[in-house]
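Please work through the exercises below with the sequence and the model open beside you. Each one sets a task and then solves it step by step.

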Amino acid sequence: MIALRIGLAALFLMVAVTVQTSVLTNIAVAGVTCDLVLIVVIALALSRGPEWGAITGFAGGLLLDVVPPADHTAGRWALAFAIAGYMAGLIRRETSTGPVGPLLVALTVVLGTAVSLFIYCATGSLLHDPSVDWGEFGVRLGIAAGYDVVGAIVVIPLVMWIMGRVVPARERRRVLP
């Protein structure tokens, strides 16, 4: 069953990278678009915990780092998404008493967006990336957070529902009469 979960997570990440780099770039505002890969990472972290968030964040970020038209040092998105995914998983762990509500999901997405964008820009500054402009950070963060919350409305419930259906047989016997 764990292999099925890993396969589904890999499929979600590959589809997210493909859609983000080929379709969503056409609706960018001020160079910012919906970060579908981050949304999928947060959904996986909220459904499976911080370990899954960190691992899928690293994998999804690395995919985004190497897929054209990547024009930055590889590993920056991987680090940013791994930390954001881990944080989202910690939020899930702290609220494990029941289902995650829509307000908490939206706040988690905004936090994940802020953390990942900050880490990406900070590593770019350390590596002297000329495309990093801290003067526009607030505007880009606002646009990115808005896009990501709207995207999360559709993506997170779907991913969490699918991942929740993949239950090991021994757990399924306990649930079903």
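**Exercise 1. Determine how much space lies in the largest pocket and what lines that pocket.**

Solution. The largest pocket holds about 890 Å³ of space, where a pocket is, on a 1 Å grid over the protein atoms alone, an open set of points at which a 1.4 Å probe fits, with protein on both sides within 12 Å along at least five of seven lines. The volume is the space filled by probe spheres set on the points, which are joined across faces, edges and corners. The model is predicted, so that local features need pLDDT of at least 70 and side-chain atom pairs count only at pLDDT 80 or more, whereas totals for chains, interfaces and linings use all residues. Residues are numbered from 1 along each chain as its sequence is written, and side-chain values use heavy atoms, with hydrogens and water left out.

Next, take the lining, whose residues have an atom within 4 Å of a point. The largest pocket is lined by 32 residues, and those nearest its centre are Gly 31, Val 32, Trp 77, Tyr 120 and Arg 140. Helix H1 (2-22), H4, H5 and H6 are the elements that give two or more residues to this lining, helices being DSSP runs (H or I, at least four residues) numbered from the N terminus. The largest share, 5 residues, comes from H5.

Finally, sort the lining by character: it divides into 15 nonpolar, 9 polar and 8 charged residues. Here Ala, Val, Leu, Ile, Met, Phe, Trp, Tyr, Cys and Pro count as nonpolar, Asp, Glu, Lys and Arg as charged, and the others, Gly among them, as polar.

**Exercise 2. Find how many salt bridges there are, and state which parts of the chain the pair Glu 51 and Arg 93 ties together.**

Solution. Side chains of opposite charge can pair when their charged atoms come close. With a salt bridge taken as a side-chain nitrogen of Lys or Arg within 4 Å of a carboxyl oxygen of Asp or Glu, the count comes to 3 salt bridges.

One of them joins Glu 51 to Arg 93, with the closest N and O atoms 3.1 Å apart. Because Glu 51 lies in helix H3 (residues 50-66) and Arg 93 in helix H4 (residues 76-94), this pair ties together parts that are 42 residues apart in sequence. Glu 51 is partly exposed at 44% relative accessibility, and Arg 93 is partly exposed at 42%, given that buried means under 20% relative accessible area, exposed over 50%, and partly exposed in between (1.4 Å probe, protein chains only).

Asp 129 and Arg 76 meet in a salt bridge with an N to O distance of 2.7 Å. Asp 129 lies in the loop between helix H5 (102-126) and helix H6 (137-165), and Arg 76 in helix H4, so the pair ties together parts that are 53 residues apart in sequence. Both Asp 129 and Arg 76 are buried.

Arg 140 forms a salt bridge with Glu 136, the closest N and O atoms being 3.5 Å apart. Arg 140 is partly exposed at 31%, as is Glu 136 at 36%.

**Exercise 3. Describe the span of H6 and locate its kink.**

Solution. H6 has 29 residues and reaches 39 Å from its first C-alpha to its last, which is close to the 42 Å expected at 1.5 Å a residue; the expected span is 1.5 Å times one less than the number of residues. A kink of about 45 degrees is centred on Ala 152, the bend at a residue being the angle between axes fitted to the seven residues ending there and the seven starting there. The buried residues of H6 include Gly 151, Ala 152 and Val 155.

**Exercise 4. Place Ala 30 and His 128, two residues with positive phi, in the chain.**

Solution. Most residues other than glycine have a negative phi, and most peptide bonds are trans. Ala 30, although not a glycine, has a positive phi of about 55 degrees; Ala 30 is found in the loop between H1 and helix H2 (36-48) and is partly exposed at 46% relative accessibility. His 128, also not a glycine, has a positive phi of about 60 degrees; His 128 is found in the loop between H5 and H6 and counts as exposed at 68%.
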